[in-house]
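User: I would like to learn how to read ring interactions, a loop residue and internal empty space in a model of this kind. Could we take them in that order?

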Amino acid sequence: MAAPIESPVTVQAAGLRWRVQCAGPDGGTGTSPCLLLLHGTGASLGSWRGCMTGLAAHFRVIVPDLPGHGGTSAFADRRATLPRMALAVAELLQVLGAAPVLAAGHSAGAAVMAQLALDHHVPTLRGLLAVNGALEPLPGLMGLVAPAAARFAARSALLPDWVTRHASQPRALGHLIHSTGSRLDADGVAHYRELLSQPSHVRGVLDMLAHWRLESLRQRLPGLTLPLWLAAGLCDRTTAPVRSLELARLLKHGKFVPLSGLGHLAHEEAPETINALLLALRDQVAGDTAAETAA
């Protein structure tokens, strides 16, 4: 019998109204560890829909919309910085009574996940999986120009409405998804069409891009004491796979996992592949914990 996947609920935490979806046995008993899934910029909890059924058989799964995305409200002052977003997620977990043992983050969600671990907001975490993680500043001139352009765009009262009118059109949306190196089914395309039709979501994306700074995170990552597996789609056109490879070499507990034939949205293209990685990470963490206990 399949584990239950609950309908999204609304939760108040950190001064925000969150949309959260859960799956699996309630309470996360000893046989069902808790797993946190975080989506990337411009997505929502729906991006993990393909993974949830398989994962719910093994975990109590918690999947929120990040601030300003999907059904979660934005910060009142719209300053969606990385440390602030991570702290808000931690406060949400406290309200939910959730104590994740593992976390997985896609793209910018991986940065939120890493910040949670480095700031010790979730002391129960034992292992992390980044799926095409955006864990470093953009290289060169793009790293200087992109945040400034996003700040300018975020101040526009008209741009979100313009985006909803144009970006959600079939041709524009098709080009956008193709640019990630991924191929999505009809449900996956519909997910992004729905999101891009919401001006509040587009504004939340711009707020995040305008305030995103990864220099400090990148400097701190070598001090991470948890296993961090860096899964990288070799067809990713958004985040260069070689950056995950180079980062894995710098981390004491880093591991590079190449994903052949997959693009930036690898968890949506091949959820069974990502689920298998999470189960393998669970088993490694359990083995490490048992070894530490025996010692």
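Analyst: Let us start with the rings: two rings of Phe, Tyr or Trp count as a pair if their centres lie within 6.5 Å. A pair of aromatic rings is described by the distance of the centres and the angle of the planes. In this predicted model, the count of aromatic pairs by that rule is zero.

User: Which charged residue lies over the face of Trp-229, and which ring has the charged end of Arg-84 over it?

Analyst: Lys-255 lies over the face of Trp-229, 4.0 Å from the ring centre, while the charged end of Arg-84 sits over the ring of Phe-75, at 4.2 Å from its centre.

User: Where does Thr-81 lie, and what is it in contact with beyond its neighbours within four places in sequence?

Analyst: Thr-81 belongs to the loop between β4 (60-64) and α2 (82-96), and a polar atom of its side chain lies 3.3 Å from the backbone nitrogen of Arg-84. Leaving aside neighbours within four places in sequence, Thr-81 is in contact with His-211 and Trp-212.

User: How many cavities of 30 Å³ or more does the structure hold, and which residues line the largest cavity?

Analyst: Rolling a probe the size of a water molecule over the atoms shows where empty space is left. The structure holds one cavity of 30 Å³ or more, and the largest cavity encloses about 30 Å³ of space. Its lining includes Phe-75, Arg-78 and Asp-207, and by class the lining has four nonpolar, two polar and two charged residues.

How values were computed
Residues are numbered from 1 along each chain as its sequence is written. This is a predicted model: local features need pLDDT of at least 70, side-chain atom pairs count only at pLDDT 80 or more; totals for chains, interfaces and linings use all residues. Side-chain values use heavy atoms; hydrogens and water are left out. Rings of Phe, Tyr and Trp (its six-membered ring) pair if their centres lie within 6.5 Å; planes under 30 degrees apart count as stacked, over 60 as edge-to-face and the rest as tilted. A charge sits over a ring if NZ of Lys or CZ of Arg is within 6 Å of the ring centre and within 35 degrees of the ring normal. Helices (H or I, at least four residues) and strands (E, at least two) are DSSP runs, numbered from the N terminus. A polar contact is a pair of N or O atoms within 3.5 Å; within protein, one must be able to donate a hydrogen and the other to accept it, and residues adjacent in sequence count only if both atoms are side-chain atoms. Contact means heavy atoms within 4.5 Å. On a 1 Å grid over the protein atoms alone, a cavity is a set of points where a 1.4 Å probe fits but cannot get out, and a pocket is an open set with protein on both sides within 12 Å along at least five of seven lines; lining residues have an atom within 4 Å of a point. Grid points are joined across faces, edges and corners, and a volume is the space filled by probe spheres set on the points. Ala, Val, Leu, Ile, Met, Phe, Trp, Tyr, Cys and Pro count as nonpolar, Asp, Glu, Lys and Arg as charged, and the others, Gly among them, as polar.
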